[in-house]
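Visitor: Please take a close look at one helix packing, and then carry the account on to the surroundings. Kindly state the cut-off behind each term.

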Amino acid sequence: MEILLGICLVQSRYGEDTAYGRRLGHTLTRLGCHVLEVDTSEELTPAGMKAALRCPQLIHGFHLVKSGFACQEIARRTRLPLVITCTGTDVFVDLQTPILNDGVRTVLSVADKIVVPFYGMLQYLREFLPEDSRYMVIPKGIKPAPPSDLPDLTVNPLPAHARVVLIPGAVLPVKNTLFAFQALEPLRERIPDLHLVVLGNHLDQEFGRLVTQAAEARPWVRLVPELSPGEMSRWYQRADVILNVSHAEGGSQCLLEAMSLGAPVLASDIPGNRAYITDEFANPGRGTGFLYSTSPSPEGYRRIHDQDDLANKLEFVLRQHEIRAAVAQRAGNWVKENLNPDLEAFLYLELYRSLTERR
């Protein structure tokens, strides 16, 4: 089967969709598909459009905006089936953004199938497209790289016995990085060896500048650019706690990779985290991670994060080694059992076949 896979191949506003799409493409290729990748980060050139129009049997775009706009045009010209995978920010942010709203609605209306990674996304989509028959849930597949050696942090080395809290992923307003600085600062009085490592590229220039300024004023914060997959995996294992303070997620690739490696996670209580984390505080002895409280905000997708709840729960997690280790082990087992990359690719392959056989 021949598939055109539309992926935004540059680091843009949101950083994980490229890895999501390319990983699926590689798995589909291993299963016998011929996958043509088309970069949707810029308007297709005539040569690029010509190559796309030669494709195949089906068009598949990742992200309603970053790939959906281009892929719907290719599908219109080729009259081929169109599959769109919603990755998170397109539903939780772009769908709520007036300037993008009409375009997103159009992509939803023309797609033959709309795939989401977890059921919690559907209630947001149904406000714009109530029709159930075009929705499908296919869980993300997670397979982290084998851990490799950590890089030498010679500029800002961590103390030998530092308690490391790690925030992995792109530095962006939606990721809410500055909130972590504010919430953890009072905790340093009770846990003086606490250090925060922010591991990811700055994909928003203005927000990145603010984060850099805030880190420079706090010697216990380290900013590390995104590393190789193997180095990222080693950081997940090195950290005492993996922290996610996002306003919106569709299932953070970094967070799920950390969980699969048996790392303890503490995350904001939002749909994209709650879909993958069973909160140990609410389900003692059955949790796969820890959640801290957030509440809706009048400012669109942004949430109001409870700073005291985050600090108190982080202190508990850091001090309760046995509970932390047991929850992390359950997390690793859960990801391996439920987020299988081969199953993900197989379900997509079955979806492709069902759409192409109708023609």
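Guide: Helix 7 crosses helix 8 in a left-handed manner, that is, with the near helix turned anticlockwise from the far one by less than a right angle. The model is predicted, with pLDDT of at least 70 needed for local features and 80 or more for side-chain atom pairs, while totals for chains, interfaces and linings use all residues. Residues are numbered from 1 along each chain as its sequence is written, and side-chain values use heavy atoms, without hydrogens and water.

Helix 7 covers residues 177-184 and helix 8 residues 205-216; helices are DSSP runs of H or I with at least four residues, strands are E runs of at least two, and both are numbered from the N terminus. The axes of helix 7 and helix 8 lie 9 Å apart, at an angle of about 20°; axes are lines fitted to C-alpha atoms over the stretch in contact, and angles run from 0 to 180 degrees between N-to-C directions. Helix 7 and helix 8 are therefore roughly parallel, the term for angles under 35 degrees. Helix 7 brings Thr177, Leu178 and Phe181 to the contact, and helix 8 brings Phe207, Leu210, Val211, Ala214 and Ala215, where contact means heavy atoms within 4.5 Å. Seven of these residues are nonpolar, one is polar and none is charged; Ala, Val, Leu, Ile, Met, Phe, Trp, Tyr, Cys and Pro count as nonpolar, Asp, Glu, Lys and Arg as charged, and the others, Gly among them, as polar.

Another pair is helix 3 (residues 68-78) and helix 5 (residues 98-110), whose axes come within 10 Å and cross at roughly 45°. Helix 3 and helix 5 are therefore oblique to each other, the term for angles outside the ranges under 35, 65 to 115 and over 145 degrees. Their crossing is left-handed. Gly68, Phe69 and Gln72 of helix 3 meet Gly103, Val104, Thr106, Val107 and Val110 of helix 5. That contact has four nonpolar, four polar and no charged residues.

As for empty space, the model has two cavities of 30 Å³ or more, a cavity being a set of 1 Å grid points where a 1.4 Å probe fits but cannot get out. The second largest cavity holds about 90 Å³. Among its 15 lining residues, which have an atom within 4 Å of a point, Ile167, Pro168, Lys175, Asn244 and Ser246 are the closest to its centre. Strand 7 (163-168) and strand 10 (241-244) each give two or more residues to this lining, which divides into eight nonpolar, five polar and two charged residues.

Terms used
1 Å grid on protein atoms, 1.4 Å probe; cavity = no way out; pocket = protein on both sides within 12 Å on 5 of 7 lines; lining within 4 Å. Points joined across faces, edges and corners; volume = space filled by probe spheres on them.
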